[in-house]
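Thanks for making the time this morning. I would like to walk through one structure with you, element by element, and I will put it on the screen before I say anything about it.

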Amino acid sequence: MYDVAIVGARCAGSALALRLAREGAKVLLIDRASFPSDTMSGHFIQPAGVSCLRRMGLPEELQALGSPPLERMTVDFGPVVLSGSPAPMPDGTATGYAPRRFRFDPMLADAAVAAGAVLRECTSFVEPLMEAGRVTGIRTTTPAGAVDDVPARVVVGADGKRSRVARAVGAESYKAHEATTCTYYTYWEGMGRDRNPPLCARRALRCGRPLWRWVDLLGGRVAEERLRQSEAGH
Ligand SMILES: Cc1cc2nc3c(=O)[nH]c(=O)nc-3n(C[C@H](O)[C@H](O)[C@H](O)COP(=O)(O)OP(=O)(O)OC[C@H]3O[C@@H](n4cnc5c(N)ncnc54)[C@H](O)[C@@H]3O)c2cc1C
């Protein structure tokens with residue numbers, strides 16, 4: 001019997017597993033994915049998130065992921081450009097980072113496992129186990145396709161925005177909006193991190209109808225120039 005079974009082992013699931021395991025809970029963390037793997041997301045961790053990772057004791061692990069600290073942000077609407085540095089958090093943290101998810105998520109999951117959580121990858125949540133109207137565990141399928149029922153005192157759905165756990169227990173949506181725009185991403189090589197001296201790292205948001213474009217990670221003049229050139233083609 002686990003104290004807590006957590007479905008989903010990325011930012012939310014692994015961070016919670018880490019915290020609970022450190023406090024002595026017996027924690028099971030499952031994910032239908034295996035790690036390292038990517039997921040549909042941007043990568044920017046705001047200073048508040050970096051501050052949180054510090055409190056979790058993971059600042060060195062974050063820096064070891066290899067993405068440069070980002071101290072300035074620019075939002076470029078064309079005629080109006082807003083540029084500046086985020087206000088520091090109470091602990092003084094004023095930098096963000098933008099690591100790729102296939103690096104960041106396994107770092108968190110590894111930390112949870114190091115704290116004592118059990119991680120089962122390629123394991124899918126199927127439905128909650130119920131007894132007298134109460135959730136008492138999770139039905140899962142193993143990597144070999146077998147059904148495995150796991151009892152747990154508490155079950156947490158950290159399985160993303162189309163959460164099967166939430167649907168299964170009838171959790172209501174609130175503050176839901178239709179998508180009114182879209183974002184696209186691209187990854188560039190040779191933009192400066194390997195240069196000596198390196199170009200400054202920055203994050204920029206360029207807005208134009210109908211698309212917004214984030215420039216993460218390496219930035220600098222070269223990235224902007226190439227982005228401008230690419231605008232014609234898109
Ligand atoms: C296009 C886009 C850009 C974004 N950019 C940013 C950004 O720059 N910065 C930022 O902070 N946030 C950003 N976000 C939001 C961010 O991606 C989410 O807030 C974050 O990923 C949520 O983390 P999570 O751990 O709750 O869920 P997820 O990261 O979605 O992880 C859920 C996990 O649950 C697993 N899972 C799902 N169903 C099951 C099942 N049945 N059984 C077992 N496992 C299951 C999945 O495999 C997955 O690994 C962006 C989101 C999108 C879509």
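On one side of helix H2, Ala 48 and Arg 55 are exposed, whereas Pro 47, Val 50, Ser 51 and Leu 53, in the same run of residues 47-55, are buried. Looking down the axis of H2, the buried residues fall within an arc of 160°, so they line one face of the helix. I should say at once that this is a predicted model, and everything I describe is to be taken in that light.

What do the buried residues of H2 pack against? Their partner is helix H3, residues 59-63. H2 is followed by Gly 57, whose phi is positive, near 80°.

Let me turn to helix H1, residues 11-22. At 1.5 Å a residue, its twelve residues should span 16 Å, and the end C-alpha atoms are 17 Å apart, which agrees. The buried residues of H1 are Gly 13, Ser 14, Ala 15, Leu 16, Ala 17, Leu 18, Leu 20 and Ala 21, and they pack against strand E1 (2-7), strand E2 (27-30), helix H4 (101-114) and strand E8 (147-157). Just after H1, Gly 24 takes a positive phi of about 100°.

One residue of H1 that I would single out is Cys 11, which counts as partly exposed because it has 18 C-beta neighbours inside 10 Å, where 20 or more would be needed for it to be buried. Setting aside its neighbours within four places in sequence, Cys 11 is in contact with Asp 105 and Leu 108. Cys 11 and Met 107 are 96 residues apart in sequence, yet their C-alpha atoms are 9.9 Å apart in space.

H1 also brings us to the ligand, since the largest share of the shell around the ligand, three residues, comes from this helix. In total 23 residues surround the ligand, and the closest are Gly 8, Ala 12, Ser 41, Gly 42 and Gly 160. The elements that give two or more residues to that shell are H1 and strand E6, residues 124-131. How does the shell divide by class? There are nine nonpolar, nine polar and five charged residues in it.

Next, the strands. Strand E3, residues 73-76, and strand E4, residues 81-84, pair in the antiparallel sense over four bridges, and Asp 76 stands opposite Val 81 in E4. The two strands, E3 and E4, form a hairpin with four residues between them, and in that turn Gly 78 has a positive phi of about 95°.

I will finish with some backbone details in the loops. In the loop between E2 and H2 we find Pro 36, and the peptide bond from Phe 35 to Pro 36 is cis, with omega near 5°. Cys 122, in the loop between strand E5 (118-120) and E6, has a positive phi of about 50° although it is not a glycine; with 14 C-beta neighbours inside 10 Å, Cys 122 counts as partly exposed. Ala 132, in the loop between E6 and strand E7 (134-141), likewise has a positive phi, near 50°, in a residue other than glycine. Is Ala 132 buried or exposed? Ala 132 is exposed, with 5 other C-beta atoms within 10 Å.

How values were computed: Residues are numbered from 1 along each chain as its sequence is written. This is a predicted model: local features need pLDDT of at least 70, side-chain atom pairs count only at pLDDT 80 or more; totals for chains, interfaces and linings use all residues. A residue is near a molecule or strand if its C-beta atom, placed from the backbone, lies within 6 Å of it. Ala, Val, Leu, Ile, Met, Phe, Trp, Tyr, Cys and Pro count as nonpolar, Asp, Glu, Lys and Arg as charged, and the others, Gly among them, as polar. A residue is buried if 20 or more other C-beta atoms lie within 10 Å of its own, exposed if 12 or fewer, and partly exposed in between; C-beta atoms are placed from the backbone. The arc is that of the directions from the helix axis to the C-beta atoms. Two residues are in contact if their C-beta atoms, placed from the backbone, lie within 7 Å. Two strands pair if DSSP finds at least two bridges between them. The expected span of a helix is 1.5 Å times one less than its number of residues.
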